[in-house]
Amino acid sequence: MSRDRNLNLNLSPMSPLFQTFLLLLGFLAVTAFAKNPSRSIRFELIHRHAHELSDRVARPPTQSERVQELLQSDGQRTRMISEMVHRRRAAEIPKNASFFSMRLSSGAYSRTGQYFVRFRVGTPAQRFLLVADTGSDLTWMNCRYKCRHCKDAGHRDRRRIFYADRSRTFRPISCGSNMCKNELAMTLTKCPTPASPCLYDYRYGDGSRTVGFQANDSATVTLSTGEKAKFKNLVIGCSLSFEGSSFREADGVLGLGYSQHSFAAKATERLGGKFSYCLVDHLSPKNLSSYISFGSGQFTSTRMRYTDLLVSQPSDPFYAVEVVGMSVNNTTLKIPPAAWDLNIDGGVIVDSGTSLTILVEPAYRAVMAALSDALKTFTRVDEEPFDFCFNATQGYDEAVVPRLAVHFKGGAVFRPAVKSYVVAVADGVRCLGFLPTTSPGISMFGNILQQNFLWEFDLARGRLGFKPSKCAS
């Protein structure tokens, strides 16, 4: 074998050998400078259009070609820098931000008794329509993760799908983590390996449920300053299956309940410790909306009445209030105090995810008797699941309905509009909008009773505020 070879070295600027040579030269120069700082080093700056560097250029580019190349390169760089700046600005909530809001609308058009909120999650953000629920703390979306046939699944379901693989900030929570084992609600004990995802089976009071796994991701909101901001490391549920009429037309649930990892807790910790919402009439059309707001600064406290807001165990997401009685036309109803006692498994919670108002038997009987007595002249109509309905086409006027009031500890009195407890359920048919539950038990003030009031959940001060409002934006 001949020992004589021709060395054909590729020293073009883009060759690996040439780049290695530059790295070696830089290393030697830095080493020499470190040993003798008094020395200086120089590199020649060569313009990118110095075609002498390349032996592959057949002819020098024209000035027009150079300008076009520069414009293209500058455009790409501008877009890259703009994206980087936008990401950094959206990375944190500015200190001067006081609140942010999301649109809230009735789901009546979809034949549900829920209120929907518009929500953006993931990076880049994906848009969803979620049920606003103060009675649960898990935020979840109809989701696909590492799915080969996601497009087909999307065509079969009108609801939006969160494609988790497309989010750069999506990180599954491992089932071996302390968060999964001790902090998150309704997690399953199934854990094949410590790195396996944290599974959940989340069930609701109406029998609805969702099954999936929990993860961290970012939600994007628009602040009062007009800037976009991200809430990082938000706990969300990637729901692989769900069932129940509550989710008709919705893509999932926005968990507003009280817990360490709920969206309400994450959103309020930097914005004054409070959130508020105003529910438009439950029969409002799709294009009529109001807002759910996090932080302070949008609403004034003028005419706002306050009562204590009670939150129990960390695993219990409900917002409870202390009711001391109910009255009709200023006459106190005979309801035993035990019906409102939280210490014996009673009490009242304010729940945006429940439509009708549910009362324990003693309170239910007293309220129904007082109201139905004033409406007994109207023709009764059978309408499930209500106990008292009537034909409202025969001279019905809200003026004939007695005024209901709820009395809270501390003196605050809530007087809902008549249409919030004498509910229109069909053309010409009205029903008393209450359902009974066994006693002892929890009573729930549903979203219909809450409509056309501004409700302020002041978590920092432990109080619930309310005042009448038209709500519509």
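Tutor: Quick bit of vocabulary before we dig in: a disulfide here is a pair of cysteine sulfur atoms within 2.5 Å. We're looking at a predicted model, so local features need pLDDT of at least 70 and side-chain atom pairs count only at pLDDT 80 or more, while totals for chains, interfaces and linings use all residues. Residues are numbered from 1 along each chain as its sequence is written, and side-chain values use heavy atoms, with hydrogens and water left out.

Student: How many disulfides does the count come to by this rule?

Tutor: A disulfide is a covalent bond between the sulfur atoms of two cysteines. Going by the distance rule, the count of disulfides is 5.

Student: What is the pairing when the bonded cysteines of the protein chain are numbered in sequence order?

Tutor: Just number the bonded cysteines along the protein chain and read off the partners. The pairing is then 1-6, 2-4, 3-5, 7-10, 8-9.

Student: How many residues apart are Cys175 and Cys191?

Tutor: Cys175 and Cys191 form a disulfide, with 2.0 Å between their sulfur atoms. Cys175 sits in the loop between strand S6 (171–172) and helix H4 (178–183), and Cys191 in the loop between H4 and strand S7 (198–203). Helices (H or I, at least four residues) and strands (E, at least two) are DSSP runs, numbered from the N terminus. This disulfide links distant parts of the chain, and the separation in residues is 16.

Student: Why does Cys191 count as partly exposed rather than buried?

Tutor: Buried means under 20% relative accessible area, exposed means over 50%, and partly exposed is in between (1.4 Å probe, protein chains only). Its partner Cys175 counts as buried because its relative accessibility is 4%. Cys191 counts as partly exposed because its relative accessibility is 31%.

Student: Is the link of Cys278 and Cys471 left-handed or right-handed?

Tutor: The sulfur atoms of Cys278 and Cys471 are 1.9 Å apart, and the two form a disulfide. Cys278 lies in strand S11 (residues 274–278) and Cys471 in the segment after strand S27 (463–468), 193 residues apart. Both of these cysteines, Cys278 and Cys471, are buried. With -65° about the S-S bond, their link is left-handed.

Student: Which strand holds Cys431?

Tutor: Cys431 forms a disulfide with Cys389, and with 105° about the S-S bond that link is right-handed. Cys389 is buried, at 0% relative accessible area, and Cys431 counts as buried too, at 0% relative accessibility. Cys389 is in strand S19 (residues 389–391), 42 residues away from Cys431, which is in strand S23.
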